[in-house]
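Here's a protein chain with a ligand to look at. Take a moment to turn it around on your screen, and then we'll walk through it together.

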Amino acid sequence: MSATQAITNVQVESDSTERIVAPGPEHAAEMWRIARDSVTLDLNPSYAYLVYCRDFSSTSRVAVVDGKVVGYVMGHLRPEKPHHLFVWQIAVDESYRGHGLAGRLLDELFGDVAASAEVHTVETTITDDNEASQKLFASFARRWQKAPMTVDPLFEEKHFPDGHDAENLYEIGPIFFLDDELLAEVEQKRERAESLA
Ligand SMILES: CC(C)(COP(=O)(O)OP(=O)(O)OC[C@H]1O[C@@H](n2cnc3c(N)ncnc32)[C@H](O)[C@@H]1OP(=O)(O)O)[C@@H](O)C(=O)NCCC(=O)NCCS
């Protein structure tokens with residue numbers, strides 16, 4: 001059973017001109033440009049995007065519309081916890097925001113990686129002031145079987161040399177692939193537990 005068959009509550013919009021693909025070095029410059037223009041993201045050296053596109057392409061995705069990169073997600077499997085996908089950066093060009101593109105990037109990446117590498121948990125870090133990112137990951141957790149999401153301090157201000165805000169660790173999972181019957185049973189039990197609480 002493939003991940004897309006098993007996860008029935010994920011809705012991926014189709015758009016004939018939008019393609020979500022694993023990035024190659026030819027996409028790195030546009031990823032760097034989107035990061036730079038976002039202003040909120042830490043801008044890594046252009047070289048870092050190139051290395052990521054070579055070494056972590058299978059755990060990253062770019063959204064391409066009419067031949068142009070309009071969004072990306074960069075991730076890697078944590079060496080110490082290979083079932084955890086760490087999302088380093090996700091960004092969408094300003095003019096393409098608010099249409100579910102970041103959600104689709106995350107869904108496609110997680111669906112593919114979970115199916116091929118038995119990944120069950122997504123990690124990322126978010127600063128307190130980045131509401132869009134907090135909402136994006138909360139929404140992802142809801143779509144994927146209402147997966148549990150925990151938030152804990154990770155990198156404090158004092159860890160940074162440059163006045164960077166603290167980054168909290170968001171952990172979403174474990175997300176297991178359940179068939180429709182089991183998913184319905186989990187949902188029923190969850191509702192019963194909530195009504196008893
Ligand atoms: C965060 C970001 C990637 C979201 O991209 P997007 O394509 O507009 O997001 P989506 O349309 O897929 O929205 C996903 C969810 O987040 C919510 N959301 C997105 N932007 C939001 C905002 N500015 N304020 C509140 N909620 C927001 C959406 O309502 C949606 O929730 P829903 O599924 O419950 O309706 C985009 O704003 C961005 O590139 N920001 C700059 C870079 C950044 O901060 N990246 C995250 C840190 S690595």
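What classes of residue make up the shell around the ligand? They divide into eight nonpolar, ten polar and three charged residues. Keep in mind as you look that this is a predicted model. There are 21 residues around the ligand, and those that come nearest are R97, A102, G103, A132 and S139. Some parts of the chain give two or more residues to this shell: β4 (81-92), α4 (101-117) and α5 (131-143). Which element gives the most? That's α5, with six residues.

Now zoom out to the whole chain. Its secondary structure comes to six helices and seven strands. If you read along the sequence, you'll meet them in the pattern α-β-α-α-β-β-β-α-β-α-β-β-α. The C-alpha trace spans about 50 × 45 × 35 Å along its principal axes. Is the chain compact or spread out, going by its radius of gyration? A compact globule with 197 residues would have a value near 16 Å, and this chain has 17 Å, so the two agree.

Next, let's see how some of the helices pack. Two packed helices are described by the angle between their axes and the distance between the axes. Here are two pairs to try that on:

| Helix pair | Axes come within | Crossing angle |
|---|---|---|
| α4 and α5 | 10 Å | roughly 50° |
| α2 (residues 25-38) and α3 (residues 46-55) | 8 Å | roughly 140° |

Start with the second row. An angle of roughly 140° makes α2 oblique to α3, because only angles over 145 degrees count as roughly antiparallel. The crossing of α2 and α3 is right-handed. On the α2 side, the contact is made by P25, H27, A28, A29, M31 and W32, while α3 brings in S46, Y49, L50, C53 and R54. By class, that contact has eight nonpolar residues, two polar ones and one charged.

Back to α4 and α5, which you've already met at the ligand. With their axes crossing at roughly 50°, these helices are therefore oblique to each other. α4 passes α5 in a right-handed crossing. Which residues make the contact? From α4 you have A102, G103, L106 and D107, and from α5 there are L136, S139, F140 and R143. These divide into four nonpolar, two polar and two charged residues. You may recognise some of the names: A102, G103 and S139 are also among the residues that come nearest to the ligand.

Finally, here are two backbone details worth finding in the loops. The peptide bond from G173 to P174 is cis, with omega near 0°. Look for P174 in the loop between β7 (167-172) and α6 (180-196). The other detail is E118, in the loop between α4 and β5 (121-126). Phi of E118 is near 55°, which is a positive value in a residue other than glycine.

Key: Residues numbered from 1 in each chain as written. Predicted model: local features only at pLDDT ≥ 70, side-chain atom pairs only at ≥ 80, totals over all residues. Near = placed C-beta within 6 Å. Helix = DSSP H or I, 4+ residues; strand = E, 2+ residues; numbered from the N terminus. Nonpolar A, V, L, I, M, F, W, Y, C, P; charged D, E, K, R; others polar. Axes fitted to C-alpha atoms, helices over the stretch in contact; angles between N-to-C directions. Parallel < 35°, antiparallel > 145°, perpendicular 65-115°, else oblique. Left-handed = near helix turned anticlockwise from the far one by under 90°. Contact = placed C-beta atoms within 7 Å. Rg over C-alpha atoms; globule rule 2.2 N^0.38 Å.
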